[in-house]
Protein chains: 2
Amino acid sequence: MSSNTSTPIAAQTIHQEFSIPFSYKVHFTHGLFDPGNKIFLNTLREDGHPGRRKLLFAVDSEVARLHPALGEQIAKYCQAYRDDLELCAEPVTITGGEVAKNRFELVEELLQQIDQHKIDRHSYVLAIGGGAILDLVGFVAAIAHRGIRHVRIPTTVLSQNDSGVGVKNGINYFNKKNYLGTFVPPFAVLNDFDFLNTLHERDWRAGISEAVKVALIREAGFFHWIADKARDLNQRDMPAMEELIYRCAKHHMAHIATNGDPFELGSSRPLDFGHWAAHKLEQITDYKVRHGEAVAIGIALDVAYSVHTGLLERPDMENVHQCLRDLGFSLAHPKLLSESGNGFNPLLWAGLEEFREHLGGQLTIMLLDRIGHGVEVHEMDRDLLDLAVQELN
Amino acid sequence: MSSNTSTPIAAQTIHQEFSIPFSYKVHFTHGLFDPGNKIFLNTLREDGHPGRRKLLFAVDSEVARLHPALGEQIAKYCQAYRDDLELCAEPVTITGGEVAKNRFELVEELLQQIDQHKIDRHSYVLAIGGGAILDLVGFVAAIAHRGIRHVRIPTTVLSQNDSGVGVKNGINYFNKKNYLGTFVPPFAVLNDFDFLNTLHERDWRAGISEAVKVALIREAGFFHWIADKARDLNQRDMPAMEELIYRCAKHHMAHIATNGDPFELGSSRPLDFGHWAAHKLEQITDYKVRHGEAVAIGIALDVAYSVHTGLLERPDMENVHQCLRDLGFSLAHPKLLSESGNGFNPLLWAGLEEFREHLGGQLTIMLLDRIGHGVEVHEMDRDLLDLAVQELN
């Protein structure tokens, strides 16, 4: 803080400056609520709080359905460590999937639970589920009492390797994705691989596209590893998936910590490679296309566009498209095309401006000039997009 | 970021660490929207944005009423600097006062304006008004698009010297003060002293209590200066008020920057000296008692309690009470007492737990052991409060 004492008061300026250090851990484990596994206990104990911590869990309805004993396991775990953990209610069950983020009444319901159970800034709101539930619960935890401690327990590939390990939360509003949200790092992230065993095939696969994305812009070696393992991953090879998630999470977190803009104050957003068309495709299909599936299509599209704009060699595009197909993704979708079928859907084109508006400032789209290396452009050519979309169908 | 490469993946931990630097300026001026005054223009130009910035203003209805030409002045100013500033709509008028923070529909209305005018993260939402309007608009700006640039133009003593220069925003919910909110520093704060000329007597006075507060916990010399100027301040001496606001703002900002906890992750909250009873008094009087008036009573109460608990000498209490009375504050209020009239109001006593819950963790109340120096306690004695409240009536 500085100011000048010789200036009249009505011409003074006080310059405020400070830094906030953020720190959190992402743990990888199996059997998180097995009383023999102390990761959960020790993670919360790191808060240095004397006595019992109050915990309020919110659980994705699909996770609750597939793991009917989960509530009881959590209760037993908290009972086993009752000197430290106080479960203040049965877990709140929330209907999962992206549509949860469209329902503002879920925000109100969660706030009521937080108020009713007197959850304060030193208590914990914990979310178990896919990315949508984590985004929703994280948003509520971020604004109640100006921020309650939030622990994420992601249960999908997508949330374990990407959205769950980052610093964003949000809900949809005005039918626009993530229109409301904040940047608030979680208290901790606990990735239990056991949840992956019960994933639907679509959800097992969907999150892999974020690993392809981060590999394409950051590390060619990781992309070639994924391409090599693509059929194994598609066949639900668990060791391959564990490695994929770990490497992808690490890339995402390294990007956030070292890119100089963790809270996205600028216009550049490399981790949104392939996302501009994806966000709009999700929305115009009423979220029937899952985020990860839409990202696979968005990557395929922007890679094809990179070729047509002269940045990328065609064999690189073919490698990327082949990898995505080997992973089981469909790269064609009727909504990519206009109603006449011969050109890029004008609704998706409009998504470009929504994407710019959401990020703010100048339009900034990441393309590829080689595998493992992105390059940013500030305009997109509609004629070239028409050509790019033909490559996918 | 660190992790251990010799450990199996399902026992790995990735440790994320980064710091976010925050910086903003608080300018003091007269005639902010006089085209000859370039502070507004230059403040926004510091964003480095090429071309025009979109601006959406929200104005306190009371300010709009007292300054009927304000909208036109802003329009002319933006027109004079049209290469840099784009006023995208007439200012949105919002009924001011604490009750604005109870009305969630105002959040929705502001969001609609932000959406309709395509305000993005690099555009500006600017609030002109008292603390309640700044808190409300700041909250909306903080959650739309995960954070739009927010400029505060406080028009009251309270907001110019305290709430407007800090890092908090919020609205009331469940009839609890600031139940929803975030910690987000403003892009800039522009304190135009001219707005003070049209303040009602109550609002002129109310904000002075925050200066008394900060002086009592941080600087005896500042307290003695206020006590010395108390009658001048009560008589609307403008040079004295300008100095009071500047010194108080500087103390607040220095506290935020140097106390090691700008986003209030701990339980200690020295700047909330005198506030625990004040918050509840506001609420149980339906906000008829203004925040600053309630804080004056809260300070008087906690100073009296400090004497009864043996921390503070009685003459110091008498100095504080005399100073507050010279400023024109009333230190008695019927709601301080129980219905029978002989003891502390049990509703206010319940406010102690709400205060703890809002801050989180251990109850932490600042008391005084001498003028200019606070000391924290972790419990309050109801019998001593009964004695303290008698001192005020």
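This dialogue explains how to read several features of the structure shown above.

Colleague: What kind of model is this, and how are its parts numbered?

Modeller: This is a predicted model, in which local features need pLDDT of at least 70 and side-chain atom pairs count only at pLDDT 80 or more, while totals for chains, interfaces and linings use all residues. Residues are numbered from 1 along each chain as its sequence is written, and chains are lettered from A and ligands numbered from 1 in the order in which they are written.

Colleague: By what turn and shift can chain A be laid on chain B?

Modeller: Copies are superposed by least squares on the C-alpha atoms of residues with pLDDT of at least 70 in both. Here a turn of 180° with a shift of 0.0 Å along the axis lays chain A on chain B with an RMSD of 0.0 Å. The two copies are thus related as by a two-fold rotation axis. Within chain A, the residue that comes closest to this axis is A:Ile20, with its C-alpha at 2.7 Å. The same surface serves both copies, since 100% of the contact residues of chain A recur in chain B.

Colleague: How many residues does the contact take from each chain, and which elements give them?

Modeller: Two residues are in contact if their C-beta atoms, placed from the backbone, lie within 7 Å. The contact takes 61 residues from chain A and 61 residues from chain B. Among the elements of chain A that give two or more residues are strand S1 (13-29), helix H4 (104-116) and helix H10 (238-258); helices (H or I, at least four residues) and strands (E, at least two) are DSSP runs, numbered from the N terminus. S1(A) provides the largest share of this side, 17 residues. The side of chain A that touches chain B divides into 30 nonpolar, 19 polar and 12 charged residues; Ala, Val, Leu, Ile, Met, Phe, Trp, Tyr, Cys and Pro count as nonpolar, Asp, Glu, Lys and Arg as charged, and the others, Gly among them, as polar.

Colleague: In which sense do S1(A) and S1(B) run, parallel or antiparallel?

Modeller: Two strands pair if DSSP finds at least two bridges between them. S1(A) and S1(B) run antiparallel and are joined by 15 bridges. As one case, A:Ser19 has B:Pro21 as its bridge partner in S1(B).

Colleague: How should the two sides of helix H13 of chain A be read, and which residues are buried?

Modeller: An α-helix has 3.6 residues a turn, so residues three or four places apart point the same way. H13(A), residues 314-326, has 13 residues and reaches 18 Å from its first C-alpha to its last, close to the 18 Å expected at 1.5 Å a residue; the expected span is 1.5 Å times one less than the number of residues. Its buried residues are A:Asp316, A:Met317, A:Val320, A:Cys323 and A:Leu324. They lie on the same side of H13(A), because they cover an arc of only 130° around the axis, the arc being that of the directions from the helix axis to the C-beta atoms. A residue is buried if 20 or more other C-beta atoms lie within 10 Å of its own, exposed if 12 or fewer, and partly exposed in between, with C-beta atoms placed from the backbone. On the other side of H13(A), A:Arg314, A:Pro315 and A:Gln322 are exposed. The buried residues pack against helix H8 (208-218), helix H9 (220-234), helix H12 (291-308) and strand S10 (365-370) of chain A.

Colleague: Where do residues other than glycine have a positive phi?

Modeller: Most residues other than glycine have a negative phi. Phi of A:Arg146 is nevertheless positive, near 60°, and this residue lies in the loop between H5 and strand S6 (149-154) of chain A. With 24 C-beta neighbours inside 10 Å, A:Arg146 counts as buried. B:Tyr287 also has a positive phi, of about 60°, and belongs to the loop between helix H11 (275-284) and helix H12 (291-308) of chain B.

Colleague: Which way do the residues of strand S5 of chain A point?

Modeller: In a regular strand the side chains alternate between the two faces of the sheet. In S5(A), A:Tyr124, A:Leu126 and A:Ile128 point one way, A:Val125, A:Ala127 and A:Gly129 the other way, and all are buried. S5(A) pairs with strand S2 (residues 53-60) of chain A in the parallel sense over five bridges, and A:Ala58 stands opposite A:Ala127. S5(A) also runs parallel to S6(A), joined by six bridges.
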